[in-house]
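Dear colleague,

Please find below the sequence and structure that I am handing over to you. I should be grateful if you would read the notes beneath with the coordinates open.

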Amino acid sequence: IANCKSCHTLAAVQAHGVTGPNLDELGGVDKERVLNAIENGGTGQKRMPAGLLQGADAEAVAAYVARVAGQ
C-alpha cells in the first residue's frame with residue numbers, strides 16, 4: 001500500500017495521491033481488476049509501471065483494495 005499512496009486516493013489508508021485514479025471513485029473495483037493493474041501497469045498520461053508488487057504481495061494488496069475501495 002505504501003507504493004500506492006503516493007499516486008492513488010484511498011480513504012481506508014488515508015491516501016491522497018494526485019496522479020493516479022481515485023480508487024474510492026472508480027466503479028467496479030474488484031480483485032482481478034486491481035491485480036491486472038498491478039501486474040500489467042496502468043493506462044493514461046501518468047502510466048503506472050507494471051510489476052510494482054509480485055506474488056503474494058500483489059494478491060494481498062489487490063484483495064484489500066477491492067474490499068475497501070469506496071467505503
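The notes that follow take up the helix packing, the cysteines, and then several individual residues.

Please bear in mind throughout that this is a predicted model.

Helix packing

I begin with the contact between helix 2, which spans residues 31-40, and helix 3, which spans residues 55-68. Their axes approach to within 8 Å and cross at roughly 135°. Because of that angle, helix 2 is classed as oblique to helix 3. The crossing of helix 2 with helix 3 is right-handed. On the side of helix 2, the contact is formed by Lys31, Val34, Leu35 and Ile38. Helix 3 contributes Ala58, Glu59, Val61, Ala62, Ala63, Val65 and Ala66. By character, the residues of this contact comprise nine nonpolar and two charged, with no polar ones.

Arg33 also lies in helix 2. Not counting residues up to four places away in sequence, Arg33 touches Leu26, Gly27 and Gly28. The C-alpha atoms of Arg33 and Val61 are 12 Å apart in space, with these positions 28 residues apart in sequence numbering. Arg33 counts as partly exposed, because its relative accessibility is 39%.

Cysteines

How many disulfides does the structure hold? There are zero. A disulfide, in general, is a covalent bond between the sulfur atoms of two cysteines. For Cys4, the nearest cysteine sulfur is that of Cys7, at 8.6 Å, and Cys4 is in no disulfide. The cut-off for a disulfide is a pair of cysteine sulfur atoms within 2.5 Å, so the separation of 8.6 Å rules out that pairing for Cys4. Cys7 is likewise in no disulfide, and the nearest sulfur to that of Cys7 belongs to Cys4. Cys4 is partly exposed at 21% relative accessibility. The cut-off for buried is under 20%, so Cys4 falls outside that class. Cys7, with a relative accessibility of 30%, is also partly exposed.

Cys7 appears again in the surroundings of Thr19. Leaving aside neighbours within four places in sequence, Thr19 is in contact with Cys7 and Lys46. Thr19 is placed in the loop between strand 2 and helix 2. Its relative accessible area is 37%, so Thr19 is partly exposed. Thr19 and Gly42 are 23 residues apart in sequence, and their C-alpha atoms are 11 Å apart.

The loop between the strands, and Tyr64

Strand 1 (9-10) and strand 2 (15-16) are joined by a loop in which Ala12 is found. Gln14 is placed in that loop between strand 1 and strand 2 as well. What is the phi of Gln14? It is positive, at about 55°, although Gln14 is not a glycine. Most residues other than glycine have a negative phi. Gln14 is exposed, because its relative accessibility is 58%. Ala12, at 38% relative accessibility, counts as partly exposed.

Which residues does Ala12 contact, once neighbours within four places in sequence are left aside? They are Tyr64 and Val68. The C-alpha atoms of Ala12 and Asp24 are separated by 9.0 Å, and these two residues are 12 residues apart along the chain.

Tyr64 is placed in helix 3. With the same neighbours left aside, within four places in sequence, Tyr64 is in contact with Ile1, Leu10, Ala12 and Val13. The relative accessible area of Tyr64 is 23%, so this residue is partly exposed. Between the C-alpha atoms of Tyr64 and Val29, which are 35 residues apart along the chain, the separation is 11 Å.

When you go through the model, I would suggest starting from the contact of helix 2 with helix 3, and then turning to the contact between Ala12 and Tyr64.

Yours sincerely

Terms used
Residues are numbered from 1 along each chain as its sequence is written. This is a predicted model: local features need pLDDT of at least 70, side-chain atom pairs count only at pLDDT 80 or more; totals for chains, interfaces and linings use all residues. Side-chain values use heavy atoms; hydrogens and water are left out. Axes are lines fitted to C-alpha atoms, for helices over the stretch in contact, and angles run from 0 to 180 degrees between N-to-C directions. Helices (H or I, at least four residues) and strands (E, at least two) are DSSP runs, numbered from the N terminus. Angles under 35 degrees count as roughly parallel, over 145 as roughly antiparallel, 65 to 115 as roughly perpendicular and the rest as oblique. A crossing is left-handed if the near helix is turned anticlockwise from the far one by less than a right angle, and right-handed if clockwise. Contact means heavy atoms within 4.5 Å. Ala, Val, Leu, Ile, Met, Phe, Trp, Tyr, Cys and Pro count as nonpolar, Asp, Glu, Lys and Arg as charged, and the others, Gly among them, as polar. Buried means under 20% relative accessible area, exposed over 50%, partly exposed in between (1.4 Å probe, protein chains only).
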